[in-house]
Amino acid sequence: METEKEKITELTEETESPATENADRAIESETAKADNTEAKEELTPEQIKLKRKNDIIRILKFVGFSCSAGVIQFVVFTILNEVLHLIYWPAYLIALVLSVLWNFTFNRKFTFKSANNVPIAMLKVAAYYVVFTPLSTLWGDALTDKAHWNEYLVLAFTMVINLVTEYLFNQFVVYRKSMNTNDLGKKENAALEAAGKHDGAEKEEDKAEDKGDENA
């Protein structure tokens with residue numbers, strides 16, 4: 001004959017068991033979802049190869065457009081310096097502004113393929129130049145007027161620093177969340193997705209062939 005204490009223990013275990021099972025199932029479900037999410041984020045070998053190629057093309061485009069902007073900056077600076085005989089810092093600032101506008105327009109559309117709000121993107125780029133412009137103007141003025149470096153050597157040195165730092169700022173700040181959101185970017189994403197499906201189909205074919213060999 002069961003004691004009253006044993007009956008209470010059995011009832012408690014029966015009551016806790018469904019709740020415990022439900023909790024375990026919920027944990028397993030969340031874990032499965034997390035695993036599926038991680039699996040989705042994993043890139044296939046073909047996707048990795050295509051992504052690297054796209055990254056290299058992005059850098060080359062940025063360098064190309066920046067070089068064209070550099071030509072504009074160099075030509076405007078030369079005109080202001082040689083023809084109008086402006087001193088270094090106003091000639092540099094005017095040439096820089098024109099090159100930035102050119103560079104921003106083309107890199108936004110073709111390099112980073114962004115559909116984000118233009119004023120917001122321009123404000124972010126402006127934030128970069130709020131720091132870079134006074135610094136580059138100060139060191140340029142110091143190197144040319146005080147250290148007597150050649151103006152064009154200083155300009156070339158400044159443009160290289162501008163190229164590297166602006167690319168990093170655009171990549172990780174300006175277009176970090178909006179890269180590949182315009183029509184050109186969507187095509188690139190679609191190609192990346194198609195590469196993943198192609199890899200998946202090949203894996204399934206390989207598995208089917210392996211099973212066929214085992215059965216044979």
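**Exercise 1.** Which residues are linked in a network of salt bridges?

*Solution.* In this predicted model, the network links K51, D55, R58, K113 and E188. Begin within helix α2, where K51 forms a salt bridge with D55 and the closest N and O atoms are 3.6 Å apart; these two residues are four residues apart, about one turn of the helix. Next, take R58, which pairs with E188 in a salt bridge whose closest N and O atoms are likewise listed at 3.6 Å. Since E188 lies in helix α6 (residues 183-215) and R58 in helix α2, this pair ties together parts that are 130 residues apart in sequence. Finally, E188 also forms a salt bridge with K113, with the closest N and O atoms 2.6 Å apart; here the link runs from the loop between α3 (88-111) and α4 (118-146) to helix α6, across 75 residues.

**Exercise 2.** Decide whether R58, E188, K51 and D55 are buried or partly exposed, given that buried means under 20% relative accessible area.

*Solution.* R58, at 6% relative accessibility, counts as buried, and E188 is buried as well, with a relative accessible area of 13%. K51, by contrast, is partly exposed at 38%, and D55 is also partly exposed, at 26%.

**Exercise 3.** Compare the expected span of helix α2 (residues 45-83) with the distance between its end C-alpha atoms.

*Solution.* At 1.5 Å a residue, the 39 residues of the helix should span 57 Å. The end C-alpha atoms are 56 Å apart, which agrees with that expectation. Just after α2, H85 takes a positive phi of about 55°.

Definitions and conventions: Residues are numbered from 1 along each chain as its sequence is written. This is a predicted model: local features need pLDDT of at least 70, side-chain atom pairs count only at pLDDT 80 or more; totals for chains, interfaces and linings use all residues. Side-chain values use heavy atoms; hydrogens and water are left out. The expected span of a helix is 1.5 Å times one less than its number of residues. A salt bridge is a side-chain nitrogen of Lys or Arg within 4 Å of a carboxyl oxygen of Asp or Glu. Buried means under 20% relative accessible area, exposed over 50%, partly exposed in between (1.4 Å probe, protein chains only).
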